[in-house]
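Biologist: Before I rely on the labels attached to this structure, I would like to hear the criterion behind each of them.

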Amino acid sequence: MAEGEAAASKTVEDSDPPKKPKWNKYALACAMLASMTSILLGYDIGVMSGAAIYIKEDLKISDVKIEILSGIINLYSPIGSFIAGRTSDWIGRRYTIVLAGVIFFLGAILMGFSPNYAFLMFGRFVAGIGIGFAFLIAPVYTSEISPTSSRGFLTSLPEVFLNGGILIGYISNYGFSKLPLRLGWRSMLGIGAIPSIFLAVAVLAMPESPRWLVAKGRLAEATQVLHKISHSQQEAQLRLADIKETAGIPQDANDVVSLTKPQKQGEGVWKELILYPTPAVRHIFIASLGIHFFAQATGIDAVVLYSPRIFEKAGIKSDSDKLLATVAVGFVKTACILVATFLLDRVGRRVLLLTSVGGLILSLVTLAVSLTIIDHHSDTTLKWAVGLSIAAVLCYVATFSIGSGPITWVYSSEIFPLRLRAQGVAVGAVVNRVTSGVISMTFLSLSKAITIGGAFFLFAGIAVMAWIFHFTMLPETRGKTLEEIEGSFGNFCWKTNFSATAKGVNDDSNSNGQIQLGISNQDLKSVD
């Protein structure tokens, strides 16, 4: 009888769903330190939205020059991202983060002491290179150091700190706006040097990426790091085996001396990415380019960077009130990104992304309609339309932060195979920054040409195209190891994607990510 009860108890225990592993505090600390480099870009975006008001007044420059000044850093940063892609394969992920902080420090100092427009543009160039370094390396490092069970949360941390940086920039604008004109905007820009130096020193306490160490043949060091960032010794060994397989290193190799030649990551990457890609790599590359393009083409930089202008069009005239309204935008954006970090590993990337872009469409149409109505009633103040415009802006940044913002970097940093990851993410970062630069450098001119309401109608149309692209091209990656994800790509069957996504949402027990989007009918039969 006792044996029967024991057997029954064992059966019940075996049938219980596996418990989610506890947080690995060491991996969390490392991911947070690396992700804090994103504060640099966030601060620059936030601070320029307010500083531009005073720069224009102090230096007596036109709206076109303000557009160029605000957006040009997004065209400089791809240069830094391209350099960082090669540098991170050469000197490692950790020292590349240090280099990012040092370069941005120099840029912030130059901007803070700028005597004229030309010198300010040079400071923007240096800062842009540093931002390009940080923009690439933070998501790459965090994806490579994160355990599979918490990769979505940890890899979204760069976006969390980016939004935190935007909020700090908005608060800085409001605080320094009380200073004399010549000192105020220079203080806003120059104060960004402080966090960059702190970050450059703090990241020295982090370990190197185990995937980079394996690619360099430093297997003993990689094993030590994996033991620290994994939940168990068994998980560390499994992760090491997966990385070895992907890097083409024999499983019986235990140290650098066991290798006839250390693996050199980056050789032949461009041929494999662009000239002779496999169907899976081609799909991955297109998915990465598309998600980066649409994240920016839907107008986020126009809303964040020019929110004071939007609020002015909506009827808020006081500079102080406009800056205070932007602080509200920063708080909403930061709060919603924190919500997203806890949903990524529970709901999945695909569902959050489609929901987010759907929210963008609704918010953009609402904002476009309300601003158009206000524009046609300039002689009277329509309080309901003003309130609707402000609500639409807040709803827009909220829905962007819940999905499109963080998932862009989480997704693109985890889908590339190890041998292609640094350069693949670098190309995505270039697309992201160039698109951002084009939007931010043309928004004021565009709004004058087709009205500000027309500009947001245009962004709404792009958001519709983004939803279609994401629905048809992006399979789910939740719960899969970085080495397993490549198998989810190569099939563009949107019907299978839809059914697999629906099943993934309804079946929470699929914590191991066994559902692969875009799999063939034959694969489905073999599963059955």
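The exchange below sets labels against their definitions.

Modeller: This is a predicted model, in which local features need pLDDT of at least 70, side-chain atom pairs count only at pLDDT 80 or more, and totals for chains, interfaces and linings use all residues. Residues are numbered from 1 along each chain as its sequence is written, and side-chain values use heavy atoms, with hydrogens and water left out.

Biologist: Why is Gln-296 called buried?

Modeller: Buried means under 20% relative accessible area, with exposed over 50% and partly exposed in between (1.4 Å probe, protein chains only). Gln-296 has a relative accessible area of 7%, so the residue counts as buried.

Biologist: What makes Asp-301 and Ile-439 contacts of Gln-296?

Modeller: Contact means heavy atoms within 4.5 Å. Leaving aside neighbours within four places in sequence, Gln-296 meets that criterion with Asp-301, Asn-432, Arg-433, Thr-435, Ser-436 and Ile-439.

Biologist: How do you know that the buried residues of helix 13 line one face?

Modeller: Helix 13 spans residues 219-229 (helices being DSSP runs of H or I, at least four residues, numbered from the N terminus). Its buried residues are Leu-219, Ala-222, Thr-223, Val-225, Leu-226 and Ile-229. Seen down the axis, they fall within an arc of 165°, taken from the directions from the helix axis to the C-beta atoms, so they line one face of the helix.

Biologist: What makes 10 residues of the lining of the largest cavity nonpolar?

Modeller: Ala, Val, Leu, Ile, Met, Phe, Trp, Tyr, Cys and Pro count as nonpolar, Asp, Glu, Lys and Arg as charged, and the others, Gly among them, as polar. By that assignment the lining has 10 nonpolar, 4 polar and 4 charged residues.

Methods:
Helix = DSSP H or I, 4+ residues; strand = E, 2+ residues; numbered from the N terminus.
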